[in-house]
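This report covers burial, salt bridges and one sheet. Please keep the model in view while reading.

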Amino acid sequence: MAKALCARGMEHTGARISCVRVKYLFLTWLTVLVGSWVIYVQYSSYTELCRGHQCKNAICDKYKRGIIDGSACVGLCDKETLYMGRCLSTSPNNQSKLGEQANLASLVTHILSVADGNRDGRVSLPEARSMWALLQMDEVLLGLLLQDRGHTPHLLGFCGDMYMTERVHSGPLYGLSLPWPLAHWLPTGLQRTMDQWFTPSWPRKAKISMGLLELVEDIFHGTYGSFLICDMNAAIFGYTDRYELRLMDNRAVISEEQFGQKMKTLKCQTDLDCVYGADCVSSCDAVEKKCKEEPLKPNLAKACSVLKDYLLRGAPSGLREELERQLYACMALRGSAQMDMEHSLILNNLKALLWRQISHTKDS
């Protein structure tokens, strides 16, 4: 690469720069980039651990005074077998919107079973205080609702308003997540090459994609209502070392009921005025000049947009044409009276197509 740079430079500018000097410049540039990345990662980890240490001290002080209790308190404060890793959220506004629950009795039973941290068959006052603090964060409640289906990182325990989840080692959905200085400086071609290095093999990508399709299926008229993901992009997902998909950031999740209520309050001239989050859109009533309650595009259509490049890149040649056809049909889904039937048909066809490709592999 250095020789090519030298040759081009001499041809176009006639400058007398030795190839050795170009090599040194290139190596210096590469060293600065790698060094910046290492410093960024180390600093991020250090600051998170510092905040985590302060949080732990405050939580354990309340636990030792008998104010709070929970399944993780002993390990965190007495035995110190739990350690602080990466914070999933440091923002008090990290909340999704759940709306009213029709299946309230089942939801309450589920919450009480989780609140009973020591499994003695009752919820003590300190345990109740801890659970009440957690339930002020809708992200926790949504995580509990989706956890039984394996869509969110498994809740390992809680103590006060601090909760611990399983570690999801891999993420984001595609390739390598670079800090913004490196992403800005590295050439696009080199970034794509690096993404290819860190992207799983195609059968494993198919398994991860199956997880996303199952997530969409479970939040579409699920046990606790229907939900919309209003910022459907690869960055909000991760996957475990077994290539099981996890929803890592549920701040953009909102119930359809809450979405409808929000839309009713908006006045509009065009559909562009009827937007919640990044990509939840309803239509504008041209007569009433108000936004309609129904979303224009379902979760499945947006999920297929995320999966299109991910699955088509490296797909087996005999599968690519059919897969592309089904994905584009999926992306064309719109909200309508017939959406439920069409939605289910396309979803089942996609899942069946992917399952045929991975059912015989060890990753299935």
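At 4% relative accessibility, Arg246 counts as buried. Buried means under 20% relative accessible area, exposed means over 50%, and partly exposed lies in between, with a 1.4 Å probe and protein chains only. The model is predicted: local features need pLDDT of at least 70, side-chain atom pairs count only at pLDDT 80 or more, and totals for chains, interfaces and linings use all residues. Residues are numbered from 1 along each chain as its sequence is written, and side-chain values use heavy atoms, with hydrogens and water left out.

**Arg246 and its partner**

Arg246 forms a salt bridge with Glu166. The closest N and O atoms are 2.7 Å apart. A salt bridge here is a side-chain nitrogen of Lys or Arg within 4 Å of a carboxyl oxygen of Asp or Glu. Glu166 lies in the loop between β2 (162–165) and α7 (180–185), and Arg246 lies in strand β5 (residues 245–247), so the pair ties together parts that are 80 residues apart in sequence. Helices (H or I, at least four residues) and strands (E, at least two) are DSSP runs, numbered from the N terminus. Glu166 has 18% relative accessibility and so counts as buried. A network of salt bridges links Glu166, Arg242, Glu244 and Arg246.

**Thr152**

Thr152 touches both members of that pair: Glu166 and Arg246 are among its contacts beyond four places in sequence. The others are Gly143, Leu146, Gln147 and Leu247. Contact means heavy atoms within 4.5 Å. Thr152 sits in the loop between α6 (138–147) and β1 (155–159). Its relative accessibility is 3%, so Thr152 counts as buried. A polar atom of the Thr152 side chain lies 3.1 Å from the backbone oxygen of Gly143.

**Salt bridges**

The whole structure holds nine salt bridges. Side chains of opposite charge can pair when their charged atoms come close. Three of the bridges are tabulated below.

| Salt bridge | N to O distance |
|---|---|
| Arg65 and Asp61 | 3.0 Å |
| Glu166 and Arg246 | 2.7 Å |
| Lys302 and Asp279 | 3.3 Å |

Lys302 pairs with Asp279 in a salt bridge. Lys302 lies in helix α11 (residues 299–312) and Asp279 in the loop between β7 (275–276) and β8 (280–285), so this pair ties together parts that are 23 residues apart in sequence. Lys302, at 6% relative accessibility, counts as buried. Asp279, at 22%, counts as partly exposed. Elsewhere, Arg65 counts as exposed at 55% relative accessibility. Its partner Asp61 counts as partly exposed at 39%.

**The β7-β8-β9 sheet**

Three strands form an open sheet in the order β7-β8-β9, with antiparallel pairing. Its edge strands are β7 and β9 (290–295), each pairing on one side only. Two strands pair if DSSP finds at least two bridges between them. Three bridges join the antiparallel strands β8 and β9. Ser282 has Pro295 in β9 as its bridge partner. Helix α10 (residues 256–264) lies across β7, β8 and β9, and runs at about 165° to β9. Axes are lines fitted to C-alpha atoms, for helices over the stretch in contact, and angles run from 0 to 180 degrees between N-to-C directions.

**The chain overall**

The protein chain has 13 helices and nine strands. Of its 364 residues, 40% are buried. Among contacts with a separation of 6 or more, 64% involve residues 24 or more positions apart.

Notes: Polar contact = N/O pair within 3.5 Å; in protein donor to acceptor, adjacent residues only side chain to side chain.
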